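Trainee: Before we discuss any contacts, could you show me the model and explain how to read its features one at a time?

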Amino acid sequence: MKQLVAASLLSIAATIAATSAHAVAPEALAKSKNCMACHAVATKMVGPAYKDVAAKYKGQKDAEAKLAQKIKKGGGGVWGAMPMPPNQVTDAEALELAKWTLAQK
């Protein structure tokens, strides 16, 4: 019985650790791709705050795909005169960053 409880606790701990690591992963990806040089979660910098981007796209069914393309290919005119340059990210990374951005409050 003790072995079963220990194994269950170990499994739960591993799941929590994996979930916590995944929750941090998109922000770490944003930092590694230099996104944070122009963006912050809550305040406008060179580009809009992530929470403002999330608010702008809230409720749009194609928001993840649209934002992922903007992350990958760049864009301009939506947030002012300063364009966002294309980013060196894979399609999967762009989608992960888009999902993370849209989850900001």
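Mentor: Let us begin with burial: a residue is called buried when its relative accessible area is under 20%. Please keep in mind throughout that this is a predicted model.

Trainee: Why does His39 count as buried?

Mentor: His39 has a relative accessibility of 13%, and because the cut-off is under 20%, it counts as buried. His39 is placed in the loop between H1 and H2, where, leaving out residues up to four places away in sequence, it touches Met45, Gly47, Pro48, Tyr50 and Met84. With Pro48 there is also a polar approach, since a polar side-chain atom of His39 lies 2.8 Å from the backbone oxygen of Pro48.

Trainee: How many aromatic pairs does the structure hold, and how should I read such a pair?

Mentor: In general, a pair of aromatic rings is described by the distance of the centres and the angle of the planes. The structure holds one aromatic pair, formed by Tyr50 and Trp100, whose arrangement is edge-to-face, with 4.9 Å from centre to centre and 65 degrees between the planes. This pair links distant parts of the chain, as Tyr50 belongs to helix H2 and Trp100 to helix H4, 50 residues apart. Both Tyr50 and Trp100 are buried.

Trainee: Which residues have the most contacts inside the largest nonpolar core?

Mentor: They are Ala30, Leu67, Ile71 and Leu97, in a core of 15 residues, to which helices H1, H2, H3 and H4 each supply at least two. Looking at Leu97 beyond its neighbours within four places in sequence, we find contacts with Pro26, Leu29, Ala30, Cys35, Ile71 and Val89.

Notes. Residues numbered from 1 in each chain as written. Predicted model: local features only at pLDDT ≥ 70, side-chain atom pairs only at ≥ 80, totals over all residues. Heavy atoms only, no water. Core = buried A, V, L, I, M, F, W, Y, C linked by side-chain atoms within 4.5 Å. Buried < 20%, exposed > 50% of the residue type's maximum accessible area, 1.4 Å probe, protein only. Helix = DSSP H or I, 4+ residues; strand = E, 2+ residues; numbered from the N terminus. Contact = heavy atoms within 4.5 Å. Polar contact = N/O pair within 3.5 Å; in protein donor to acceptor, adjacent residues only side chain to side chain. Phe/Tyr/Trp six-rings, centres within 6.5 Å; stacked < 30°, edge-to-face > 60°.
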